[in-house]
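Here are my comments on the model you sent, set out as numbered points for you to read alongside the coordinates.

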Amino acid sequence: MAVWQRVLTYGGVLVVVFGAALGVGRLVGPVDTASAGHGHDADTHDATTAGEYRLALAHDVVDGGRAHLAFRILDASGTPVTSYELQHEKELHLIAVRRDLAEFRHVHPTLDRASGVWSVPVGLDAGTWRLYADFVPTGGEQAVAESDLSVAGDFAPRGIGPDQVVSHVDGYVVRLERDGAMLTLHVSRGGHDVTDLEPYLGAYGHLVAIRADDLAYLHVHPEDAGPGPEIPFHAELDQAGRYRLFLDFQHGGRVHTADFTITVDGPEGGDQDDTEMEMERGGHDH
């Protein structure tokens, strides 16, 4: 077995802070460290934890191609969570990002309530992937649980490359403008502004940011966004580093994903004391 198949732990436990209804977000982490096991079932797999919850994979090594993922969300006592609140039209959002940040997936598994097992088929190339399960347990607060997954096959990691603020996807051109904590995405096609974006999961856009050095994670929704051409987000990137950003938007009945790379030199409007407090308690704001 190759080294990348044997070593699955990167960085530490990372948490996401969601803003209020306006979509304010702050990226924080890491706050703890746990090692990932190999080849165990969902009951015994020592998955990466976040707060009070664990993402327990049925299998943490799968074949490349169309993989079938199965997992449970376990609470602090090890009991499967079987009841969730709807958030943006789904009970759970599963984000998968390959370790080199070159590949991104956003899928929505199906829950078997009797067992608490979530399952979903998803196309995954060879490499090691970080999985983020985004959910709100019934009566609880926003939570993110994480784990690592190895996908078998030949794998040559790509470098993150230079900063990229223009993304070409499916005939669309998406430009990123950044002003402090404000990120504005401008969508055009064929030289014309797109002004009839369609709601996708209750919003005109979903933005995920991943910090390259430790895979810290942030998922935010737009502020007072209309149907285009601009989609504004308020995202506090509190630590310096390289970031990959992924924007999901819908047009013409199809979801498209634009990707970007930026460098952050320092805190973007966040208060350092508040950030350290969030890191210590691993909490989530709404």
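1. In this predicted model, phenylalanine 135 is in contact, leaving aside its neighbours within four places in sequence, with Tyr53, Ile73, Tyr84, Gln87, Glu91 and Leu92, and also with Glu141, Gln142, Ala143, Val144 and Ala145.

2. Phe135 belongs to the largest nonpolar core, which has 27 residues, and together with Leu55, Leu69, Ile73 and Leu94 it touches the most other members. At least two residues of this core come from each of β4 (53–57), β6 (65–74), β7 (92–98), β10 (117–124), β11 and β12. Another core lies apart from it and comprises 25 residues, including Val194, Leu218, Ala235 and Leu245.

3. Strand β11, residues 127–135, runs antiparallel to strand β12, residues 143–151, and 9 bridges join the two. Within this pairing, arginine 130 has aspartate 148 of β12 as its bridge partner.

4. Both strands sit in an open sheet of 5 strands with mixed pairing, whose order is β5-β12-β11-β7-β8. The edges of this sheet are formed by β5 (61–62) and β8 (104–107), each of which pairs on one side only.

5. For the protein chain as a whole, the secondary structure amounts to 2 helices and 21 strands, and of its 286 residues 54% are buried. Among contacts in the chain with a separation of 6 or more, 63% are between residues 24 or more positions apart.

6. As for the surface, the protein chain exposes about 11900 Å², of which carbon and sulfur atoms supply 48%.

How values were computed: Residues are numbered from 1 along each chain as its sequence is written. This is a predicted model: local features need pLDDT of at least 70, side-chain atom pairs count only at pLDDT 80 or more; totals for chains, interfaces and linings use all residues. Side-chain values use heavy atoms; hydrogens and water are left out. Two strands pair if DSSP finds at least two bridges between them. Helices (H or I, at least four residues) and strands (E, at least two) are DSSP runs, numbered from the N terminus. A nonpolar core is a set of buried Ala, Val, Leu, Ile, Met, Phe, Trp, Tyr and Cys residues joined through side-chain atoms within 4.5 Å. Buried means under 20% relative accessible area, exposed over 50%, partly exposed in between (1.4 Å probe, protein chains only). Contact means heavy atoms within 4.5 Å. Accessible areas come from the Shrake-Rupley method with a 1.4 Å probe; for residues, only the protein chains shown count as cover.
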